[in-house]
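Thank you all for making time this morning. Please have a look at the sequence and the model on the screen, and then I will take you through a few of its features.

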Amino acid sequence: MEPEIITVGLDGSAEALAAARWAADEAHRRGAVLRLLHAWILLAAQAPDTAPERDQNVYARQVVRDATAAVRARHPDLRIIEDLVGDEPEPVLLRAAAESRLLVLGSRALSTWRSFVLGDVSLSVVARAEGPVVLVRADDGEPQERARPPAATGPRVVAGLGLGGPAERLLAFAFDAAASRGALLQVVHGRPFPVTVYSPWGVDPDAAHEATAEAERELAEALDPWCARFPDVPVQRTVLPDSPARALVETAPGAGLLVVGRRHHHRVPAPRIGPVVHAAVHHVTCPVAVVPQD
C-alpha cells in the first residue's frame, strides 16, 4: 500500500517554515511522505544543466531548499518530495488538499477586514478545500501560554463539536489525532442558555442546571460510538454556556492541536470560513485543523 502524503504549502515565510516542521513531525509520526510544495506562476522551463547565475528559478528553489534543510535537521530519514509548480498558489493548493491526507499552511495574523474578504491565500484555501487543512503559526506549533489552567494536564487535542448536523469527518479526524499522539481528547460544545433560563433577578440555577444536563446528554450520545471505536483515547466532555466560538477560544490555551469543522455554504457568492474558524484563526495560537463537514 502506498504511504500517505502530507503536503506543505511554502511561500518563503517564517510561518511556512513552521508549517513544514509541524508537518514533518506529523509525517514522521504516521510513516507518511512529506511533500514540500511551492507554486510560482513565473516558474520558467529550464535545462537541468542551467548555470546557477542564469537560473531564473533560483528564489523558488531556495524556498524549497530552506524547508528541506529545516525538516532534515528534525527528521533525517523522512521521505520528502520537493515539488515546484508553475501556477497560481490557490488552485495548486486546492488540488493538493484533495490529493493529500493533510494540507499544512502557515497562518499569519490578519486584520478583521482582510479575514472577512479572504484576501489571504491560506484562508481562501481553507474555505474551499475538500480535505483537512492545518494552519500553523510562526511559533512552530508549540503550545501557547495558558490563559488559565485547563482542566487536564499533559498532551491534549481540543475539538469543537456542534450538535446540529453531521460531524463524522471532524470526529474521525479528532479521535485519530489524539490516538496518534497518545493524547487526551477534549471535546467542547458551546451552547448559550435559552431565554427560559433567565428571570428578572438573573439566571435561574435550576433551569441552568437542566439546560446544561440536556446538552451534556446530547454530547455523550454523539461521542459514545466514537469512544467505543477508540477505547484507548481518554475523552473529556466540556459543555460551556457560551457561543461555540468563545467556548473554543477559552478552552484552547495549552492544547497541542485544535480541531474545528467547516460547512459548505452553497448559497453565498463567496466562500466563508464561519465564525468558529474565524475566531480560531484570530485568537488561538496552537495549530488549527479545519475539517470540511459535508
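Which residue's side chain meets that of Arg 128 in a salt bridge? Before I answer, please keep in mind that this is a predicted model. The partner is Glu 90, with a nitrogen-to-oxygen distance of 3.2 Å. This pair links distant parts of the chain, since Arg 128 sits in helix H5, residues 121–128, and Glu 90 in helix H3, residues 89–99, with their positions 38 residues apart in sequence. Arg 128 is partly exposed, at a relative accessible area of 44%, and Glu 90 is also partly exposed, at 24%.

A second salt bridge, between Arg 191 and Glu 218, has its closest N and O atoms 2.7 Å apart. Here too distant parts of the chain are linked, with Arg 191 in the loop between S7 and strand S8 and Glu 218, 27 residues away, in helix H7, residues 205–229. Within helix H7 there is also a local pair, Arg 217 and Glu 214, which lie three residues apart, about one turn of the helix, and whose side chains meet in a salt bridge at 2.6 Å, N to O. Elsewhere, salt bridges that share partners join Glu 4, Glu 26, Arg 29, Arg 30, Arg 101, Asp 176 and Arg 181 into one network. A search of the whole structure finds 15 salt bridges.

Let me turn now to the interior, where Phe 173, in helix H6, residues 168–181, is a useful example. Phe 173 counts as buried because its relative accessibility is 14%, and the cut-off for buried is under 20%. Leaving aside residues up to four places away in sequence, Phe 173 touches Leu 102, Pro 132, Leu 257, Val 259, Ala 289 and Val 291. In the protein chain as a whole, buried residues make up 48% of the 294 residues, and the chain has nine helices and 12 strands.

Finally, the largest pocket, which holds about 420 Å³ of space. It is lined by 22 residues, and those closest to its centre are Gly 162, Pro 244, Gly 261, Arg 263 and Val 276. Strand S7, helix H8, strand S11 and helix H9 each give two or more residues to the lining, and the largest share, four residues, comes from H9. By character, the lining divides into 12 nonpolar, eight polar and two charged residues.

How values were computed. Residues numbered from 1 in each chain as written. Predicted model: local features only at pLDDT ≥ 70, side-chain atom pairs only at ≥ 80, totals over all residues. Heavy atoms only, no water. 1 Å grid on protein atoms, 1.4 Å probe; cavity = no way out; pocket = protein on both sides within 12 Å on 5 of 7 lines; lining within 4 Å. Points joined across faces, edges and corners; volume = space filled by probe spheres on them. Nonpolar A, V, L, I, M, F, W, Y, C, P; charged D, E, K, R; others polar. Buried < 20%, exposed > 50% of the residue type's maximum accessible area, 1.4 Å probe, protein only. Contact = heavy atoms within 4.5 Å. Salt bridge = Lys/Arg side-chain N within 4 Å of Asp/Glu carboxyl O.
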